[in-house]
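Please open the structure in your viewer and keep the selection tool ready, since this tour moves from one selection to the next.

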Amino acid sequence: MDGSAHILVVDDDREIRDLLSRFLVKHGYRVTTAREGREARKIMADAAIDLVVLDLMMPGEDGLAFCREVRAASDIPIIMLTAMGEETDRVVGLELGADDYLPKPFSPRELLARIKAVLRRAGAAEGGRRPVGDGGGNMIRFAGWTLDPASRRLTAPEGELVTLSTGEFDLLLAFVEHPQRVLNRDQLLDLARGRSAIPFDRSIDVQVSRLRRKIETDPKAPQIISTVRGGGYMFTATVERA
């Protein structure tokens, strides 16, 4: 059970903070709440947080800026809460590295399901469970890059570590396990995200774009992850397992 995970809820609405705190504690999670980014930073500096539930519409510093800052410093999973109709904010949030989103108003049970799915993908569940089919810990090499599924680390050809968000790691793992095959968005959602997201919510395209910026020499002319017109994407690099 992943109920021992520590969840940070960042929302300026006290009713939502209290509701989510009571609900998640009832389901076995440890929960800390914050009204805004400054308070959340202090909490994250003093405690080990396993996942952040983040409202994008906060007074002062908005959630997008906070999301950007968290992702630049760590790979802590982030689930965004957005107002209905704010598709632009959702897409930007995913581009900044959020792992999932939920539009308001939302069902606490739906959020609970998203939290469980994201924690499972992040390996934060009890026993450090990894996604099914993670290669059993074998090193995976492609185009000079090395991916270690066990530690969820990606090493560049030059030897430096490249930070991946949970979504980016799961997507890359799906690609390297199915090289030279055309994968459409639905297949990638199944392989990388276990259908925890709303089917075809543009998140796959966003994650592919972010992944390309990290592993392609020229993201505008990708050589590793190619776009197949009308079909989806193909991982064209040769994959070797150590």
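In this predicted model, begin by selecting the open sheet of 5 strands, whose order is β9-β8-β7-β6-β13 and whose pairing is antiparallel. At its edges you will find β9 (161-162) and β13 (239-241), each of which pairs on one side only.

Next, select residues 140-142, which form strand β6, together with residues 145-148, which form strand β7; these strands run antiparallel and are joined by 3 bridges. If you show Ile140, you can look for Leu147 of β7 standing opposite.

Now add residues 166-176, which make up helix α6: this helix lies across β6, β7, β8 (153-155) and β13, and runs at about 110 degrees to β7.

Which aromatic rings pair up here? A search of the whole structure finds 2 aromatic pairs. For one of them, select Phe142 and Phe235, whose ring centres are 5.2 Å apart and whose planes stand at 75 degrees, so this pair is edge-to-face. Because Phe142 belongs to strand β6 and Phe235 to strand β12 (residues 232-235), the pair ties together parts that are 93 residues apart in sequence. Phe142 counts as buried, with a relative accessibility of 1%, and Phe235 is also buried, at 0%.

Keep Phe235 selected and add Phe175, which forms a stacked aromatic pair with Phe235, at 6.0 Å centre to centre and with 20 degrees between the planes. Since Phe175 lies in helix α6 and Phe235 in strand β12, this pair ties together parts that are 60 residues apart in sequence. Phe175 is buried, as is Phe235.

Finally, show Phe142, Phe175 and Phe235 together, and you will see the cluster into which ring pairs link them.

Methods. Residues numbered from 1 in each chain as written. Predicted model: local features only at pLDDT ≥ 70, side-chain atom pairs only at ≥ 80, totals over all residues. Heavy atoms only, no water. Pairing = 2+ DSSP bridges. Helix = DSSP H or I, 4+ residues; strand = E, 2+ residues; numbered from the N terminus. Contact = heavy atoms within 4.5 Å. Axes fitted to C-alpha atoms, helices over the stretch in contact; angles between N-to-C directions. Phe/Tyr/Trp six-rings, centres within 6.5 Å; stacked < 30°, edge-to-face > 60°. Buried < 20%, exposed > 50% of the residue type's maximum accessible area, 1.4 Å probe, protein only.
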